[in-house]
Amino acid sequence: MGLDVTNVITTVDLEVLGSEAFLNTMEKLFDPISVPIILVDKDTKIRMINQIFADYLGFPKEEIIGKPVLEVDEFSRFPYVLSSKKPEIAWKHKFKNGKTAIVHRIPVLDINQEVAYGFGLLLFQDVKEFKDIIEKNKLLETALNYAEEQLKHIHGAKYSWENILGTSEKMVLAIYMGRRASQTKSNVLLLGESGTGKELFAHAIHHSSNRQHERFIKVNCAAVPAELLESELFGYEEGAFTGAKKGGKPGKFELASGGSIFLDEIGDMPLSMQAKLLRVLQEKEIERVGGTKTIPVDVRVIAATNKNLEKMVVEGSFREDLFYRLNVMSIEIPPLRERETDIEDLAMKLLEKLSSQLGVYVRTISKNAMEHLLNYHWPGNVRELENVLERAINLTDTDTIHSVHLPFTITRNKKLHKLSKGQTLKSILEETEKEIIKNYLDELNHNKVKVADILDISRSSLYDKIEKYELKPPLS
């Protein structure tokens with residue numbers, strides 16, 4: 001048994017792997033491990049080597065970094081491995097210093113299948129040491145899994161169905177449809193108002209599909225200028241336009257090949273791009289801007305919009321053929337106002353998450369405050385609920401959120417009345433002022449200092465209003 005290094009990532013995003021931050025992370029991960037490890041670049045220069053390997057070779061670590069590998073070990077086969085792109089697993093190797101060991105040499109390829117790095121590790125030939133190394137390899141496997149998770153975090157789905165809460169009838173149906181959609185190869189169209197959680201559904205669908213180990217690429221069609229959207233989606237060739245990178249650049253569809261692409265705000269895509277997207281969905285191939293070669297892509301499309309696409313089709317602002325191509329598995333995510341039974345659970349879960357993020361201990365919501373949350377119509381949906389709770393957490397100085405910590409738009413009486421006979425604007429304003437002060441006094445147990453501070457009035461002014469509206473605390 002032991003680590004099967006043949007299954008270690010061998011195709012990666014060159015920009016990610018080539019970043020100094022990534023190399024620094026790898027050094028921190030591998031340096032403490034008692035397995036000799038080395039990383040050379042495509043020119044066979046040593047970019048990372050852990051301390052135990054440097055000691056084994058008999059050189060100071062700082063003198064090794066940056067040198068060609070043949071200057072450190074003239075018998076190294078890394079130049080051959082990188083040129084052939086073929087790994088050498090469990091090869092017996094005698095080093096320049098006379099030591100012999102079993103080594104692995106693995107070429108690491110970028111997304112264009114070109115050599116980016118060479119990864120090597122060393123296993124000693126001595127039987128006793130080999131037994132010891134089995135245990136040490138467990139640490140290495142953990143480190144490599146962490147590195148893989150880091151790459152997955154950059155380009156993979158962050159959320160699963162466990163992150164989506166809801167027991168209301170409409171939400172249960174949406175989750176059921178999403179789970180079924182994830183098991184198919186069909187395109188998915190997520191429909192719902194802004195803030196309902198369409199992106200969470202997209203992540204979860206990819207995460208539970210048979211493409212979960214491949215890339216999940218996100219594109220906000222409304223955020224990319226129309227003139228740049230084609231090159232963003234399909235890439236471009238060198239010289240395609242002024243400022244084009246040397247060698248060109250792959251587009252999001254190429255990067256997502258084998259995985260899923262999430263096209264958010266699909267309703268904002270220009271008509272000219274809709275026609276090109278339709279061709280990609282039909283032919284399963286793309287053509288870079290400025291290019292003549294077709295590139296096959298295997299991509300599962302998950303689209304989302306808060307617009308009425310059927311109405312847009314009738315108006316001529318969205319292609320009917322594209323709508324039907326996308327609308328294979330359609331999932332409607334209900335707004336929060338239609339999920340009243342989910343609000344309390346959502347609020348408590350968001351409170352737990354936000355408290356952890358903000359580094360404060362707020363664990364409860366008062367009964368009165370929760371009633372306000374339940375009675376509010378939530379035009380901004382779950383996103384608005386999260387923002388309201390974050391604001392409340394920042395305002396409270398206890399472990400509880402009270403109604404005084406909620407915005408006035410939520411705590412005010414939603415029903416607006418016309419003036420009754422004999423009423424004046426002044427009397428209505430006074431009635432509203434009285435209700436607000438009374439609510440704050442009740443919430444804070446008649447702590448006048450806190451109430452005056454929240455209302456941003458002087459204490460003497462608050463005392464006058466309490467006297468005026470007869471809001472003295474009841475006798476106990």
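The second largest cavity in this predicted model holds about 30 Å³ of space. Its lining consists of Phe59, Glu63, Ile64, Lys67, Glu71 and Val72. Two helices, helix 4 (61-64) and helix 5, each supply at least two residues of that lining. Sorted by class, the lining of this second largest cavity has three nonpolar residues, three charged residues and no polar ones.

How many cavities of 30 Å³ or more are there? The count comes to two. As general background, a probe the size of a water molecule, rolled over the atoms, shows where empty space is left.

That brings me to the other one. The largest cavity has a volume of about 170 Å³. There are 17 residues lining the largest cavity, and the closest to its centre are Phe53, Asp73, Ser76, Phe78 and Phe95.

Which elements give two or more residues to the lining of the largest cavity? Two are helices, helix 3 (51-57) and helix 5 (69-72), and two are strands, strand 5 (100-110) and strand 6 (115-124). Strand 5 gives the most, with three residues.

On residue class, the lining of the largest cavity has 10 nonpolar residues, along with four polar and three charged ones.

One element to look at on the screen is helix 5. This helix gives two or more residues to the lining of the largest cavity, and helix 5 also supplies at least two residues of the lining of the second largest cavity. For the second largest cavity, the lining includes Glu71 and Val72, and helix 5 spans 69-72.

That is what I have on the cavities.

Note on methods. Residues numbered from 1 in each chain as written. Predicted model: local features only at pLDDT ≥ 70, side-chain atom pairs only at ≥ 80, totals over all residues. Heavy atoms only, no water. 1 Å grid on protein atoms, 1.4 Å probe; cavity = no way out; pocket = protein on both sides within 12 Å on 5 of 7 lines; lining within 4 Å. Points joined across faces, edges and corners; volume = space filled by probe spheres on them. Helix = DSSP H or I, 4+ residues; strand = E, 2+ residues; numbered from the N terminus. Nonpolar A, V, L, I, M, F, W, Y, C, P; charged D, E, K, R; others polar.
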